[in-house]
Amino acid sequence: MALFDRLKDQARNLQQQAQGGRGTTTAGHGQGSARGGSRAQLVGVLKTQLGSLKAELKSGAYRDASMAMCALVAAADGQVDAAEIQQMESLILGNDVLQNFPPEQLRQRFHKHVDQLTRNFPQGKAEALQEIAKAAKKPTEARAVIQTGIVIAGADGHFSQAEQAVLREACTALGVPPAEFQL
């Protein structure tokens, strides 16, 4: 639960920065301010923060990187079943920020990465990380891709070690320190 408390602090700091202007993002280390918060609250805070950036997150690089991120999270344990794909699609299509894009574009890109990860996980993972890295040119988008991954990973109420590991790798691909998100 401590990881979610730290992520919640981070989300609050990011949300405050989004409301007060853009700047360097640093991890919050408040003493107990997020204690007792639920995972659902964390996901809600991150969704709200991403929503405040919706107008800025309209590029193809963000769209493609986010779909690669979602596929990586879905396949983090090395496999993806039909129910998991259906749940991910539902989360993707219901995401406020991702509604900037036509649903069929999102489905197509998500399934492309899931198929690659299913056929050959190491190669599919490398290709997904290459796609994610394309969002590194814009720091706001890079951080939003990680936040999208955290929202998707936390949506089921369970944030596995494998999901944390792929999020750390995505941070590295984007040039964002994983510690910024307490990963």
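Axes here are lines fitted to C-alpha atoms, for helices over the stretch in contact, and the angles between them run from 0 to 180 degrees between N-to-C directions. With that settled, here's a look around helix H4 in this predicted model.

Let's start with H3 and H4. Helix H3 covers residues 60-74 and helix H4 covers residues 82-94; their axes come within 11 Å and cross at roughly 145°. The crossing of H3 past H4 is right-handed. Who actually meets whom? On the H3 side you'll find Met67, Cys70, Val73 and Ala74, and on the H4 side Glu84, Met88 and Ile92. Sorted by class, that contact has 6 nonpolar residues, 1 charged and no polar ones.

Now for a spot where H4 turns up again: the second largest pocket, which holds about 170 Å³ of space. Its lining counts 16 residues, and the closest to the pocket centre are Val73, Glu84, Met88, Asp156 and Glu163. Val73, Glu84 and Met88 are familiar from the H3 and H4 contact. Which helices each supply at least two residues of this lining? They are H3, H4, helix H7 (139-154) and helix H8 (161-174). H4 gives the most, with 4 residues. As for chemistry, the lining residues split into 9 nonpolar, 3 polar and 4 charged.

Staying on H4, take Ile85, which sits in this helix. Leaving aside residues up to four places away in sequence, Ile85 touches Val80, Phe110, His111 and Val114. Its C-alpha atom is separated by 8.7 Å from that of Ala71, and these two residues are 14 residues apart along the chain.

H3 has a story of its own in the aromatic department, where the count comes to 1 pair. Why is the pair of Tyr62 and Phe101 called tilted? The ring centres are 6.4 Å apart and the planes are at 35°, so the pair counts as tilted, because that label covers planes that are neither under 30 degrees apart nor over 60. The pair links distant parts of the chain: Tyr62 belongs to helix H3, while Phe101 is in the loop between H4 and helix H5 (103-119), 39 residues away.

Here are the separations side by side:

| Items | Separation |
|---|---|
| Axes of H3 and H4 | within 11 Å |
| C-alpha atoms of Ile85 and Ala71 | 8.7 Å |
| Ring centres of Tyr62 and Phe101 | 6.4 Å |

Definitions and conventions. Residues numbered from 1 in each chain as written. Predicted model: local features only at pLDDT ≥ 70, side-chain atom pairs only at ≥ 80, totals over all residues. Heavy atoms only, no water. Left-handed = near helix turned anticlockwise from the far one by under 90°. Contact = heavy atoms within 4.5 Å. Nonpolar A, V, L, I, M, F, W, Y, C, P; charged D, E, K, R; others polar. 1 Å grid on protein atoms, 1.4 Å probe; cavity = no way out; pocket = protein on both sides within 12 Å on 5 of 7 lines; lining within 4 Å. Points joined across faces, edges and corners; volume = space filled by probe spheres on them. Phe/Tyr/Trp six-rings, centres within 6.5 Å; stacked < 30°, edge-to-face > 60°.
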